[in-house]
Amino acid sequence: DAEKEQLIRHIVKGDPDVLIPELIDSGFDFIEGKKIAFLIMEFISGGVLDSFLEKELSTKDTSDRLTGLVHDLGFRIGALHRHNIGIYGLIGLPTEQYYSWGDYVLAQFAREIRLTAALDPNLKLGKVRADSLQLATPNLQELVGRLQSSLVTPEAQTTHGDARFGNFMADTSSQGEWKISSIID
């Protein structure tokens, strides 16, 4: 969403290692009475990483270029993740914001426990019935209670949160090397 986009851009502004397309315009518009958010970003040549790989891997002699691309992808994700944001939680959602990783994880765990307790015991989740999860809950809560002191970390850092190939743009450089050209979401 636009709020999340603006926050992340502010955090990584000026970092040449984080390849985020330039934001041309953003805001809200009303279409048929519905408020719709929009983002207009610079055009990035290349293709979505999974499509790029599918096309490029069909060519000969790809191992060195693939190794370079994987190294570049790891570097770009690492560059994004080294930025501090000071808060934990989901950006842009009307949820509480947490100032320690432990508080965030414990709150999420408590939320999942409440949701699990509210399930119909006969409901099947894949091959597991809800009552099996509900029976395991007290032991899981006790384990988390014993381990919660290990959830301490000094600072919050950005994380892409959806680092699938569809959210990375890739291209070939003028020297023929494969490279990440942008990170999107």
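# Reading a predicted fold, feature by feature

Analyst: Let's open with Glu56, which is buried at a relative accessible area of 11%. Keep in mind that this is a predicted model.

User: Which residue does Glu56 meet in a salt bridge?

Analyst: The rule for spotting one is a side-chain nitrogen of Lys or Arg within 4 Å of a carboxyl oxygen of Asp or Glu. Here the partner of Glu56 is Lys55, at 3.7 Å from N to O. Lys55 is classed as exposed because its relative accessibility is 55%, and the cut-off for that label is over 50%.

User: How many salt bridges turn up in the whole structure?

Analyst: The search finds 7. One of them joins Asp17 and Arg82, whose closest N and O atoms are 3.1 Å apart. Asp17 sits in the loop between H1 and S1, while Arg82 is in the loop between H3 and helix H4 (101-117), so this pair ties together parts 65 residues apart in sequence. Asp17 is partly exposed at 22% relative accessibility, and Arg82 is also given as partly exposed, at 42%. Another bridge links Glu112 with Arg111, with 3.2 Å between the closest N and O atoms. Bridges can share partners too: Asp15, Asp17 and Arg82 are joined that way into one network.

User: Let me step back to the overall layout. How many helices and strands does the chain have?

Analyst: There are 5 helices and 7 strands. Going along the sequence, you read α-β-β-β-α-α-α-β-β-α-β-β. Of the 185 residues, 29% are buried. Among contacts with a separation of 6 or more, 55% are between residues 24 or more positions apart.

User: In what sense do S1 and S2 pair?

Analyst: Antiparallel: strand S1 (residues 23-31) and strand S2 (residues 34-41) are paired over 8 bridges. To follow the register by eye, start at Gly27, whose bridge partner in S2 is Phe38. The two strands make a hairpin, with 2 residues between them.

User: What is unusual about phi at Glu32?

Analyst: As a general guide, most residues other than glycine have a negative phi. Glu32 is not a glycine, yet its phi is positive, about 50°. You'll find Glu32 in the loop between S1 and S2, and Glu32 is exposed, with a relative accessible area of 82%.

User: What is the strand order in the open sheet?

Analyst: The order is S3-S6-S7, with 3 strands and antiparallel pairing. Strand S3 (47-48) and strand S7 (178-183) are the edges, each pairing on one side only. S3 is joined to strand S6 (residues 168-172) by 2 bridges, and Val48 has Met169 as its bridge partner in S6.

User: Which strands does helix H3 touch?

Analyst: Helix H3 (residues 63-81) packs on the sheet and touches S6 and S7, with its direction at about 25° to that of S7. Helix H2 (residues 49-56) lies across S3, S6 and S7, running at about 35° to S6.

User: Is Arg76 buried or exposed?

Analyst: The label "buried" needs a relative accessible area under 20%. Arg76 is at 15%, so Arg76 is buried. Arg76 belongs to helix H3. Outside the neighbours within four places in sequence, the contacts of Arg76 are Pro16, Asp17, Leu19, Ile180 and Ile183.

User: How far apart in space are Thr62 and Trp178?

Analyst: Their C-alpha atoms are 9.6 Å apart, with the two positions 116 residues apart in sequence numbering. Thr62 is in the loop between H2 and H3, and Thr62 is in contact with Trp178, as well as with Glu56 and Leu57, once neighbours within four places are left aside. That brings us back to Glu56, the buried residue from the start.

User: Which residues form the nonpolar patch on the surface?

Analyst: For a patch, look for nonpolar side chains on residues with over 30% relative accessible area. Leu123, Leu125, Val128 and Leu133 form one, with about 280 Å² of accessible area together. Leu133 is in helix H5 (residues 130-147) and is partly exposed at 35% relative accessibility. For the chain, the exposed area is about 12400 Å², and carbon and sulfur atoms supply 56% of it.

Conventions
Residues numbered from 1 in each chain as written. Predicted model: local features only at pLDDT ≥ 70, side-chain atom pairs only at ≥ 80, totals over all residues. Heavy atoms only, no water. Patch = residues over 30% accessible without salt bridge, like charges linked within 9 Å, V, L, I, M, F, W, Y side chains within 5 Å. Areas by Shrake-Rupley, 256 points an atom, 1.4 Å probe, with all protein chains shown as cover. Helix = DSSP H or I, 4+ residues; strand = E, 2+ residues; numbered from the N terminus. Buried < 20%, exposed > 50% of the residue type's maximum accessible area, 1.4 Å probe, protein only. Pairing = 2+ DSSP bridges. Contact = heavy atoms within 4.5 Å. Axes fitted to C-alpha atoms, helices over the stretch in contact; angles between N-to-C directions.
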